[in-house]
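Subject: Structure for you to look over

Dear colleague,

I am handing over the structure we spoke about, with the sequence alongside. Please open both before reading on, since the notes below follow the chain element by element.

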Amino acid sequence: MTQLDRVTKPKTKRAKRFIEKRDPKHLENTKNAMLIKGGNTSEIVTEALKNIYSLKKPNAVLYKKKNITRPFEDQTSVEFFSKKSDCSLFMFGSHNKKRPHNLIIGRMFDYHILDMIELGIEKFQGLSDFK
């Protein structure tokens, strides 16, 4: 993308650096992930989120407070968090009677949800269990 093809013209040098940083590249940067804790989470889901965060640590954001949202019903809050933390991957953990120990993993493009998959944790072993 050249200088003339841009939709938004930067007014300051700082804005120009920010826009150039977000432009397409030949070799893309690593994708950032955000790990969101739902309104009700079990100990298993919380530990799974913490373990995944520790594996992807420099390129991940862990939200520790409860976020009462449902990604399949209303994506606006997940898209807001994605834009706020500049993440293109997300993982949402929750727990209820109908779907115990539930993880929702999704991808984003341009801060809009592309696709999501819902997984259930049946047998969990944390990183501390391995030697």
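In helix 2, the buried residues are V45, T46, A48, L49 and N51, and the cover over these buried residues includes strand 1, strand 2, strand 3 and strand 4. Please bear in mind throughout that this is a predicted model, and that the values below are computed from it. Helix 2 comprises residues 43–55 and lies across strand 1, strand 2, strand 3 (89–94) and strand 4 (102–109), running at about 165 degrees to strand 1. The length of helix 2 also agrees with expectation, because at 1.5 Å a residue its 13 residues should span 18 Å, and its end C-alpha atoms are indeed 18 Å apart.

To place that helix in the whole, the chain holds three helices and five strands, and from the N terminus on the elements run α-β-α-β-α-β-β-β. The C-alpha trace spans about 55 × 40 × 25 Å along its principal axes. Of the 131 residues of the chain, 31% count as buried, while about 10000 Å² is exposed, with carbon and sulfur atoms supplying 55% of that area. Among contacts between residues at least 6 apart in sequence, 57% join residues that are at least 24 apart.

The sheet

The five strands form an open sheet in the order 2-1-3-4-5, with mixed pairing. Its edges are strand 2 (60–67) and strand 5 (112–120), each of which pairs on one side only, and the twist from one strand to the next averages 20 degrees. Strand 1, residues 33–38, pairs with strand 2 in the parallel sense over five bridges; within this pairing, L35 stands opposite L62 of strand 2, and I36 has Y63 of strand 2 as its bridge partner. Five of the six residues of strand 1 are buried, so this strand is largely enclosed by the rest of the structure.

Helix 3, residues 76–85, lies across strand 1, strand 2, strand 3, strand 4 and strand 5, and runs at about 140 degrees to strand 1.

The nonpolar cores

Which residues make up the largest nonpolar core? There are 11 of them, namely M34, I36, Y63, V78, F81, C87, F90, F92, I104, M108 and I113. Strand 1, helix 3, strand 3 and strand 4 each supply at least two residues of this core. One member, C87, is in contact with N32, A33, M34, V61 and S82, once its neighbours within four places in sequence are left aside. A second, separate core has seven residues, including V45, A48, L49 and L103; of these, V45, A48 and L49 are among the buried residues of helix 2 already mentioned.

The loop before strand 5

I would suggest a look at two residues in the loop between strand 4 and strand 5, which are D110 and Y111. Most residues other than glycine have a negative phi. In D110, however, phi is near 55 degrees, a positive value in a residue other than glycine, and in Y111 phi is likewise positive, near 60 degrees. Are these two residues buried or exposed? D110 counts as exposed, because its relative accessibility is 54%, whereas Y111 counts as buried, because its relative accessibility is 15%.

Strand 5 and the C-terminal side

Further along, D115 lies in strand 5 and counts as partly exposed, because its relative accessibility is 34%. Leaving aside neighbours within four places in sequence, D115 is in contact with I105, G106 and R107. How far apart in space are D115 and S128? The two are 13 residues apart in sequence, and their C-alpha atoms lie 31 Å apart.

With the model open, a convenient order for checking these points would be helix 2 with its cover of strands, then the pairing of strand 1 with strand 2, then the core of 11 residues, and lastly the positive phi values of D110 and Y111.

With best wishes

How values were computed:
Residues numbered from 1 in each chain as written. Predicted model: local features only at pLDDT ≥ 70, side-chain atom pairs only at ≥ 80, totals over all residues. Heavy atoms only, no water. Pairing = 2+ DSSP bridges. Helix = DSSP H or I, 4+ residues; strand = E, 2+ residues; numbered from the N terminus. Axes fitted to C-alpha atoms, helices over the stretch in contact; angles between N-to-C directions. Contact = heavy atoms within 4.5 Å. Buried < 20%, exposed > 50% of the residue type's maximum accessible area, 1.4 Å probe, protein only. Core = buried A, V, L, I, M, F, W, Y, C linked by side-chain atoms within 4.5 Å. Expected span 1.5 Å × (residues − 1). Areas by Shrake-Rupley, 256 points an atom, 1.4 Å probe, with all protein chains shown as cover.
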